[in-house]
Amino acid sequence: MSVTGMAWSALLVSVAVPAAVRALRHSPLWNRISVPAPLALPLLVLTHAWAILAGLADLGPPGAALVTESLLPVTAVLFWLPVLTRTRHRLDEGARCLYLFLAAPLLDLPAVAVIAAGHSAAGLAMIVGMLPLGGAAAALTWSWADREEREARRLAPNASGGDPLAR
């Protein structure tokens with residue numbers, strides 16, 4: 001359990017992969033490989049947990065960690081597609097907020113196990129590395145709420161009426 005390895009794993013899932021997917025969001029490949037969000041989320045959570053906890057418990061044959069670490073970016077791409085791209089599995093704004101807010105603590109659970117196993121620095125590196133995921137959820141929620149508020153004000157027949165909140 002290295003601090004650097006845990007931080008890299010977290011930053012890969014929460015920063016590097018979403019940045020790459022966003023930069024390439026118009027790629028026709030995404031529509032071919034996207035999966036529904038109810039499949040993508042548990043796939044990432046389980047792959048991430050296996051990558052972290054198998055290394056902690058020294059499970060599996062030699063080289064298994066390399067295979068699991070290779071699958072982590074693939075499952076992270078599948079996880080981010082319903083949020084960042086316009087595929088047939090794209091989530092609406094409310095569902096994207098819920099999806100990201102649900103994923104954040106689930107992806108931190110293996111780090112809690114790492115801390116409980118006595119590797120506090122590595123576990124904290126993982127939790128800190130995953131903070132951009134929660135930040136993305138908060139930013140998406142704020143953006144959605146702001147857009148809804150502007151739309152409601154635009155459609156209100158008499159926005160300057162007796163309602164003090166409408167001013």
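## Largest pocket

The largest pocket of this predicted model is lined by R22, R25, H26, V83, L84, T85, R86, R90 and R96. A pocket here is an open set of points on a 1 Å grid over the protein atoms alone, where a 1.4 Å probe fits, with protein on both sides within 12 Å along at least five of seven lines; lining residues have an atom within 4 Å of a point. Its volume is about 200 Å³, taken as the space filled by probe spheres set on the points.

Five lining residues are charged, two are polar and two are nonpolar. Asp, Glu, Lys and Arg count as charged; Ala, Val, Leu, Ile, Met, Phe, Trp, Tyr, Cys and Pro as nonpolar; the others, Gly among them, as polar.

## Aromatic cluster

Ring pairs join F79, W80 and Y99 into a cluster. Rings of Phe, Tyr and Trp (its six-membered ring) pair if their centres lie within 6.5 Å; planes under 30 degrees apart are stacked, over 60 edge-to-face, the rest tilted. The count is two aromatic pairs. F79 and W80 meet edge-to-face, at 5.2 Å centre to centre and 85° between the planes. F79 and Y99 are stacked, because their centres are 4.7 Å apart and their planes at 20°.

The F79 and Y99 pair links distant parts of the chain, 20 residues apart. F79 sits in helix α4 (residues 64-84), Y99 in helix α5 (residues 93-116). Helices are DSSP runs (H or I, at least four residues), numbered from the N terminus. F79 and W80 are buried (under 20% relative accessible area, 1.4 Å probe, protein chains only). Y99 is buried too.

## Basis

Residues are numbered from 1 along each chain as its sequence is written. Local features need pLDDT of at least 70, side-chain atom pairs count only at pLDDT 80 or more, totals for chains, interfaces and linings use all residues, and side-chain values use heavy atoms, with hydrogens and water left out.

Technical notes: Buried < 20%, exposed > 50% of the residue type's maximum accessible area, 1.4 Å probe, protein only. Helix = DSSP H or I, 4+ residues; strand = E, 2+ residues; numbered from the N terminus.
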